[in-house]
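This report walks through one structure, from its sheets to its rings, its backbone and its pocket. Keep the sequence and the coordinates at hand.

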Amino acid sequence: MRKVAVVGAGKIGSTVVDMLVGSGDYQVLVIDQSADSLSKLAPKAPVETAAMPIEDVDALAARLAGCFAVVNCAPYHLTVTVARAAAAAGAHYLDLTEDVASSRVTRELAQTSGTAFIPQCGLAPGFITIAAWDLCKHFDELHDVRLRVGALPRYPSNALNYNLTWSTDGVINEYCEPCEAVVNGKLREVPALEECEEFALDGVTYEAFNTSGGLGTLCQTLEGKVRNLNYRTIRYPGHAAIMKALLNDLNLRNRREVLKDILENSLPATLQDVVIVFVTVSGMKDGRLMQETYVNKVFAQPIGGQMKSAIQITTAGAICAVLDMLADGKLPQAGFIRQEDIPLDDFLANRFGRFYAPEDHLSFRAAAE
């Protein structure tokens with residue numbers, strides 16, 4: 001059994017633990033600053049736990065010694081610390097961050113590391129890039145690549161049409177930071193919460209708007225090779241306008257702790273959610289202008305006898321699938337690994353990646369082959 005350290009015992013970290021322990025193939029060490037959070041894991045699975053400050057790189061590296069890999073599920077502002085500790089411990093490193101600046105540091109660490117560094121292994125960034133890149137490879141010439149992802153309550157009941165299913169810090173960060181996009185063939189930064197659009201799927205109307213970090217490295221990969229590339233978060237109509245009022249008119253983008261307190265004490269969490277993945281690629285194929293789309297909905301379901309939200313399942317499932325592929329030797333064992341380097345079919349065939357495998361996609365691929 002390979003020893004894997006999971007840093008962060010929150011909503012996603014605890015789901016990663018359940019999946020890895022449930023597989024029977026991993027020995028799991030869970031590290032968190034909160035002893036209370038770790039105590040909640042005890043009845044679930046036989047795991048080793050360590051309550052300790054995560055900000056100390058040297059102390060964390062010492063605790064990670066002997067681990068095959070580190071799965072970082074800590075808040076985005078701790079990404080660089082955990083990555084440096086993993087490098088010092090000589091362990092493979094995977095994370096979920098959507099924070100662009102942190103990912104750049106992780107990429108630099110990979111250049112001198114003897115192990116694999118695979119950041120942004122969640123839903124978006126993460127799986128959405130794997131799916132988009134797979135579609136892009138079907139075209140002779142790319143025109144437009146549109147990535148849309150949303151984690152939404154199935155039964156919205158407030159003005160924001162939203163419930164807290166993800167890290168509050170992460171949501172605020174992606175609503176505030178600049179967003180990367182390719183516009184007319186050139187890499188650009190575009191503002192978050194802008195370029196709001198509406199679309200319908202299965203008879204339900206949604207809106208989608210710019211948010212930061214969802215593309216991972218795809219902009220750098222496709223710059224100069226695609227006319228337009230963008231990522232937008234899916235919400236129910238009206239959400240963006242209210243968030244813009246809070247962040248801009250009330251200046252809460254500069255008082256993020258206040259906004260976090262407001263959201264966490266006003267919006268209830270829910271396990272009754274749905275994750276929507278919607279990728280559309282258009283371009284030239286065999287001399288014709290063509291379009292291909294990957295679309296999927298993932299709902300909450302039980303994992304190891306306990307109900308998990310759709311965002312927990314998709315995020316934890318994605319990073320566990322990549323870890324599994326790394327352990328099986330299906331990915332490079334050293335250096336920086338992009339999400340584009342991960343084959344979609346191998347991902348969907350994985351026991352953890354199966355949550356993303358819609359029947360119509362598999363049927364389409366079989367017919368195409």
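Strands β1 (residues 2–7) and β4 (residues 69–72) run parallel and pair over 4 bridges. Within that pairing, Val7 stands opposite Asn72 of β4. The model is a predicted one.

**The open parallel sheet**

β1 and β4 belong to an open sheet of 7 strands. The order is β3-β2-β1-β4-β5-β6-β17, and the pairing is parallel. Which strands stand at the edges? They are β3 (48–51) and β17 (335–336). Each has a single partner strand, so one side of each lacks a neighbour in the sheet.

**β13 and its partners**

Strand β13 covers residues 273–285. Of its 13 residues, 12 are buried, so the strand is mostly covered, where buried means under 20% relative accessible area. Strand β7 (residues 141–153) runs antiparallel to β13, and 12 bridges join the two. In this pairing Glu141 has Met284 of β13 as its bridge partner.

β13 also pairs with strand β14 (residues 288–299). That pairing is antiparallel too, over 12 bridges. Here Val279 has Tyr294 of β14 as its bridge partner. β13 and β14 form a hairpin, with 2 residues between them. Asp286 sits in the turn and has a positive phi of about 55 degrees.

In a regular strand, side chains alternate between the two faces of the sheet.

**Aromatic contacts**

The model holds 9 aromatic pairs. One of them joins Phe199 and Phe278. The ring centres are 5.5 Å apart, with 50 degrees between the planes, and the pair is tilted. Phe199 lies in strand β10 (residues 197–201) and Phe278 in β13. The pair thus links distant parts of the chain, 79 residues apart. Are these two residues buried or exposed? Phe199 has a relative accessible area of 16% and counts as buried, because that is under 20%. Phe278 is buried as well, at 19%.

The rings of Phe347 and Tyr356 make another pair, with centres 5.7 Å apart. Their planes stand at 65 degrees, so this pair is edge-to-face. Both Phe347 and Tyr356 are buried. These two residues join Phe127 and Tyr294 in one aromatic cluster. Tyr294 is the residue that bridges to Val279 in the hairpin pairing.

Charged groups also sit over rings. Lys285 lies over the face of Phe139. The distance to the ring centre is 5.0 Å. The charged end of Arg354 sits over the ring of Phe355, at 4.4 Å from its centre.

The ring contacts described above are listed here.

| Contact | Kind | Distance |
|---|---|---|
| Phe199 and Phe278 | tilted aromatic pair | 5.5 Å |
| Phe347 and Tyr356 | edge-to-face aromatic pair | 5.7 Å |
| Lys285 and Phe139 | Lys over the ring face | 5.0 Å |
| Arg354 and Phe355 | charged end over the ring | 4.4 Å |

**Backbone exceptions**

Most residues other than glycine have a negative phi, and most peptide bonds are trans. Where does the model depart from the trans form? The peptide bond from Ala124 to Pro125 is cis, with omega near 5 degrees. Pro125 lies in the loop between β6 (116–118) and α6 (127–136).

Leu193 is not a glycine, yet its phi is positive, near 70 degrees. Leu193 is placed in the loop between β9 (186–190) and β10. Its relative accessibility is 2%, so Leu193 counts as buried.

Asp202 also has a positive phi, of about 55 degrees, without being a glycine. Asp202 lies in the loop between β10 and β11 (204–210). Its relative accessibility is 63%, so Asp202 counts as exposed.

**The largest pocket**

Rolling a probe the size of a water molecule over the atoms shows where empty space is left. What is the volume of the largest pocket? It is about 730 Å³. The lining takes in 34 residues. Gly10, Lys11, Cys73, Pro75 and Ser167 lie nearest the pocket centre. Three helices give two or more residues each to the lining: α1 (11–23), α7 (168–176) and α10 (256–264). By residue class, the lining divides into 14 nonpolar, 12 polar and 8 charged.

Methods. Residues numbered from 1 in each chain as written. Predicted model: local features only at pLDDT ≥ 70, side-chain atom pairs only at ≥ 80, totals over all residues. Heavy atoms only, no water. Phe/Tyr/Trp six-rings, centres within 6.5 Å; stacked < 30°, edge-to-face > 60°. Buried < 20%, exposed > 50% of the residue type's maximum accessible area, 1.4 Å probe, protein only. Lys NZ or Arg CZ within 6 Å of the ring centre and 35° of its normal. 1 Å grid on protein atoms, 1.4 Å probe; cavity = no way out; pocket = protein on both sides within 12 Å on 5 of 7 lines; lining within 4 Å. Points joined across faces, edges and corners; volume = space filled by probe spheres on them. Nonpolar A, V, L, I, M, F, W, Y, C, P; charged D, E, K, R; others polar. Pairing = 2+ DSSP bridges.
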